[in-house]
Amino acid sequence: ELPFAEPFRIKMVEEIYQSTREKREKWIEEKDYNLFNLESHKVFIDLLTDSGTGAMSDKQWSEMMTGDESYAGSQSFLKLKETINAITGFEFLLPTHQGRAAENVLFSALVKEGHVVPGNSHFDTTKGHIEFRKAHAIDCTIDEAFDSELIHPFKGNIDLQKLENVYKEYGKEQIPFTLITVTCNSSGGQPVSIENIRQVRELSNQYGIPVFFDGARFAENAYFIKEREEEFKHKTIKEIVLEMFSYGDGMTMSAKKDGLVNIGGFIALNNEELYKICGNFGIIYEGYLSYGGLAGRDLAALAQGLQESTEYSYLQSRIKQIEYLGNKLIEFGIPIQQPIGGHAIFVDAVKFLPNVTREEYPAQTLGIELYKEAGIRGVEIGTILADRDPETRENRYPKLELLRLAIPRRTYFQSHMDYIAVALKNIFDRRNEINSGYEISWESEILRHFTVKLKKK
Ligand code: F0G
């Protein structure tokens, strides 16, 4: 058997910049120890996010040239609509400028004060849009997801008992919908099985509650279904995607992930009435119905991107690259979330840095160490991201304190993965010398992680 290799080659390259530890120590201090504040040329390997950071294909770039910029009736919109209809099965399409904009438009139509929205570890902007409307997001993810070393094939799954408890307590009057996030970013890029999706649909039908998807990484989710769910072993990714979405009433999408574009998003729906209501909000917040804050060329590149991201060979190279990095880290004894997720490696910072207390933000501390060590930028998925409780204003300590190393799509080489692994190992080898973390010197009311200022403890 032949070894695995990427099903693409490089046509254009972009320089990235190396620097010295001395410089990086100065830069990060100047930027209040917030990795979001760093200019990109001060970062060598940027793993802040897999969102909008991937490489487009030659076919996508050619779509950029032929995109139709008509305000209304754009051919590029029609092409995207047909593509999304074929891939997801949803009939009505509202483009938006990115995923959180889709959340804003859909939730403006559906989420009211006092509502609750159950789901599997809502993403932070999703939770932000729910809480901003004085509603609550309730996490019903299975308990197994919160044990980072436990092997379970579908750690994104929803616990049906937890979900039914929410349904019984609040009823359909207070629950506008249940949200399934595929893959589940906040619990580690972990997939949700079709079996679980079917069960959620069935239970929701009994209680008269709609089901929506947050589809940011739907294609990666379908890959895991093919690999891990017996029934789907012989199905194509496109068949699996179609079945997955057949259990939903609609979806929001950040196309910056599995759309393989640098900007874009959409809402796709089955219900025409809801489409019309959302359309009104869309026009106010995003733009006319057929472009939603995007250029015609963006719509065209997205249509092509969705075709490519739902090809098995692409997904295999994507997931295998992350597996390669994860397996290296496991070899070095570094505690990471297992099984390895779809778009990122999640390092368990509490286990990695035993001498840094939760109050001193171990995941952020590890992120800063990794930047200083090697110019690699990850992101904290921990207490800073979890924000304060909107009522008590106390820090919320999430079950997991993770440093996420998100891998951009079709962007870095295997040698970059080796570099990342060795950098982390170097820190791991001296973990007992790292005895203190950071404290917050300034933070904003909501989504504080983007702008938080920190100082050394
Ligand atoms: N839903 C999920 C699951 C996400 O991961 C994101 C973004 C969004 C919604 C919002 O989409 O950024 O296009 O407005 N996640 C990025 C990340 C930012 O780094 O994980 P957006």
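This text walks through a predicted model, from its domains to its core, its ligand shell and one exposed loop residue.

Start with the domains. The assignment splits the chain in two. Domain 1 is built from two stretches, 21-50 and 315-456. Domain 2 covers 58-309. Their C-alpha centres are 26 Å apart. Each side of the contact is made of 21 residues: 21 from domain 1 and 21 from domain 2.

Now look at the domain 1 side of that contact. Two elements give two or more residues to it: helix H12 (312-331) and strand S9 (344-348). S9 provides the largest share, with 3 residues. By residue class, this side holds 12 nonpolar, 5 polar and 4 charged residues.

Next comes the interior. The largest nonpolar core has 121 residues. Ile345 and Val347 touch the most other members of it. The core lies between the two domains, because domain 1 (21-50 + 315-456) and domain 2 (58-309) both give residues to it. In soluble globular proteins, nonpolar side chains tend to be buried together. Val347 shows its surroundings well. Beyond four places in sequence, Val347 touches Ile334, Pro335 and Ile336. Val347 also touches Phe352, Leu366, Leu402 and Leu403.

Turn to the ligand. Around it sit 16 residues. Thr49, Gln98, Gly99, Arg100 and Ser254 come nearest. Helix H4 (99-110) and helix H5 (124-132) are the elements that give two or more residues to this shell. The shell divides into 3 nonpolar, 10 polar and 3 charged residues.

An annotation can be laid over this picture. An unreviewed UniProt entry marks residues 46-421 as "domain: Aromatic amino acid beta-eliminating lyase/threonine aldolase". The span 46-421 is 45% helix and 12% strand. Its end C-alpha atoms lie 14 Å apart.

Finish at Tyr397. Where does Tyr397 lie? Tyr397 is in the loop between helix H15 (383-386) and strand S12 (402-406). Is Tyr397 buried or exposed? Tyr397 has 12 C-beta neighbours inside 10 Å. A residue counts as exposed at 12 or fewer, so Tyr397 is exposed. Setting aside neighbours within four places in sequence, Tyr397 is in contact with Arg358 and Thr383. Leu93 is 304 residues from Tyr397 in sequence. In space, the C-alpha atoms of Tyr397 and Leu93 are 38 Å apart.

Key:
Residues are numbered from 1 along each chain as its sequence is written. This is a predicted model: local features need pLDDT of at least 70, side-chain atom pairs count only at pLDDT 80 or more; totals for chains, interfaces and linings use all residues. Domain bounds come from an automatic or database domain assignment. Two residues are in contact if their C-beta atoms, placed from the backbone, lie within 7 Å. Helices (H or I, at least four residues) and strands (E, at least two) are DSSP runs, numbered from the N terminus. Ala, Val, Leu, Ile, Met, Phe, Trp, Tyr, Cys and Pro count as nonpolar, Asp, Glu, Lys and Arg as charged, and the others, Gly among them, as polar. A residue is near a molecule or strand if its C-beta atom, placed from the backbone, lies within 6 Å of it. A nonpolar core is a set of buried Ala, Val, Leu, Ile, Met, Phe, Trp, Tyr and Cys residues joined through C-beta atoms within 7 Å. A residue is buried if 20 or more other C-beta atoms lie within 10 Å of its own, exposed if 12 or fewer, and partly exposed in between; C-beta atoms are placed from the backbone. UniProt positions are given in the numbering used here, feature names are shortened, and annotations may be inferred rather than shown by experiment.
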